[in-house]
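Me: Please give me a close look at one part of this model, its nonpolar interior. I should like one connected account that begins with the protein as a whole.

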Amino acid sequence: MGPIEDEVPFFLPHLQREPCGYRRQCQRSRATCVVAVVAAFVVLFLLHWVHVKIMKPVHFQVSETQQKLERGSETQQKFERGSKFSWVWHQTAAKMKAEGAARDRTTTSSAPAPAPPASMQAERVVRDKTTTSSAPTPAPTPAPTPAPPAYCSRIEEDCRATKCCLDPDMRCYQKNQWWAECLKKSSCVPGIRKQDPLKYRFNWSCTQLSGPTPPPFHGWTYGTWTTGYWDCCKPSCSWPHKGNQTRPVRTCHSKTGQQLLNTSEVSVCDGGIAASCTSQQPFLLNGIGMGFAAAAVRGSSHHLTGDTNCGQCYELVFTDQQHIAMPENATWGGSSPSLMGKRMIVQITNIGEDVEGDHTFDIQIPGAGLGARTSGCPTQFPGTVKDDFDCGQRYGGCDSIEGCSKLPHELQAGCRWRYEWLEWLKKGGRTNNPFIRFRRVRCPLQLTEISGSIPKDDADGWTMLM
């Protein structure tokens with residue numbers, strides 16, 4: 001019995017021509033279809049797996065990296081925008097702080113400020129003048145003007161006290177009772193200044209408190225006298241912000257003798273490690289005395305004012321003037337006959353609180369007296385006692401060159417200089433606190449190499465001797 005026509009699948013019409021074997025071929029065709037469908041599903045599954053497991057994370061990472069780059073670019077743009085204005089804040093920060101402090105002091109209690117630490121009180125004693133103690137709190141409004149310091153004001157500093165400006169093209173103009181500032185001359189207009197921070201944007205009165213900065217004195221000063229000392233303490237001009245010098249005067253480690261880089265180290269006379277370097281003792285150069293000295297802090301006619309003189313150099317010429325003892329009107333001391341007319345150049349490394357009036361220079365000379373500060377030298381030179389450094393005479397020091405042998409070996413040359421060149425107490429009580437005439441000169445290299453300090457105005461027409 002042959003196959004029935006209706007049993008032939010519609011999608012296999014060619015089997016109708018081969019009725020005897022179409023079922024076997026049909027079965028093979030079905031298997032092929034199933035395999036094709038399964039293969040298709042496998043391919044789709046693999047494509048889906050590749051998309052989920054590989055392509056999507058890569059795309060996410062790329063997107064995340066792009067977002068980071070965009071955020072970084074945005075941050076950079078913000079930084080660049082901000083940097084355009086950052087200098088304004090640097091420029092006004094110091095002014096805001098100073099003016100704010102001045103205003104705040106006037107609204108606080110008038111109770112006195114706490115006493116400074118003992119170490120600061122000690123630094124007010126003879127020769128070690130650090131001026132680091134805090135000023136007492138002023139009374140309520142109006143704010144009292146502080147005592148004038150020994151230097152003019154810089155840009156953006158309160159110039160109510162100094163009433164002068166370091167820049168000769170500027171003048172000190174008053175804003176109000178709390179603030180005055182150095183501005184370009186004729187530039188201050190009464191009213192609001194847009195340059196002021198909003199917090200302090202008040203009217204300026206523009207009252208001029210200063211005239212032109214006086215020119216430096218280049219002439220000779222007569223009729224003053226000198227002394228000597230060596231106390232091993234850190235010199236006052238070795239502290240930061242003293243005078244108008246390139247850097248503070250060099251100090252040395254009290255134990256090792258090495259140069260100290262930190263200019264804020266505490267003095268050996270107050271328990272620290274900063275001491276005078278032994279190289280800062282007097283010496284001779286081509287017959288001229290060379291050395292270092294403490295300068296007077298006050299005097300009406302000798303043009304020495306204290307901190308302002310740090311680093312400056314002066315030529316001293318010893319004269320025949322003598323001291324007069326009252327009331328008997330007897331003369332004493334002064335230069336020995338062979339010292340008269342000799343010259344010496346000194347650089348100011350210290351400020352002498354006990355050096356005032358006609359007493360202008362206190363020369364650093366080993367053996368010339370410890371003064372009031374007696375602890376520094378025995379600390380710097382272990383195994384010694386204070387009497388070894390001045391023969392037991394705190395002011396004036398040893399009377400003869402024999403006393404130099406008691407000093408440490410490093411200081412004996414400077415001690416002998418006192419008797420051999422300065423002729424201390426050589427004959428008839430002379431030399432003793434000799435009188436001089438002096439003038440400012442340009443600092444010689446032989447001194448600045450020892451001190452490490454040069455005045456910033458040293459090229460402004462000062463006489464060069466060496």
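Reply: Accessible areas are computed here by the Shrake-Rupley method with a 1.4 Å probe, and for residues only the protein chains shown count as cover. On that basis the protein has an accessible surface of about 25400 Å², and carbon and sulfur atoms hold 59% of this surface. The model is predicted, so local features need pLDDT of at least 70 and side-chain atom pairs count only at pLDDT 80 or more, while totals for chains, interfaces and linings use all residues. Residues are numbered from 1 along each chain as its sequence is written, and side-chain values use heavy atoms, with hydrogens and water left out.

The protein has 466 residues, and 41% of them count as buried (buried is under 20% relative accessible area, exposed over 50%, partly exposed in between, with a 1.4 Å probe and protein chains only). Its secondary structure consists of 5 helices and 14 strands (DSSP runs numbered from the N terminus: helices are H or I of at least four residues, strands E of at least two).

We now come to the interior itself. The largest nonpolar core contains 26 residues, and the members that touch the most others are Tyr314, Leu316, Met344 and Phe361 (such a core is a set of buried Ala, Val, Leu, Ile, Met, Phe, Trp, Tyr and Cys residues joined through side-chain atoms within 4.5 Å). At least two residues of this core come from each of β8 (288-298), β9 (313-318), β12 (343-356), β13 (359-364) and β14 (435-441). Strand β12 gives the largest share, 5 residues. Separate from this core is a second one of 13 residues, with Trp230, Phe389, Cys404 and Tyr419 among them.

Burial also applies to Gln380, a residue of helix α3 (residues 376-380). Gln380 counts as buried because its relative accessible area is 9%. Leaving aside residues up to four places away in sequence, Gln380 touches Cys232, Ser254, Ala275, Ser276 and Thr278 (contact means heavy atoms within 4.5 Å). Cys233 lies 147 residues from Gln380 in sequence, yet their C-alpha atoms are 9.4 Å apart in space. Across the protein, 66% of the contacts with a separation of 6 or more join residues 24 or more positions apart.

For contrast, consider Leu46, which lies in helix α1 (residues 22-107). Leu46 counts as partly exposed because its relative accessibility is 47%.
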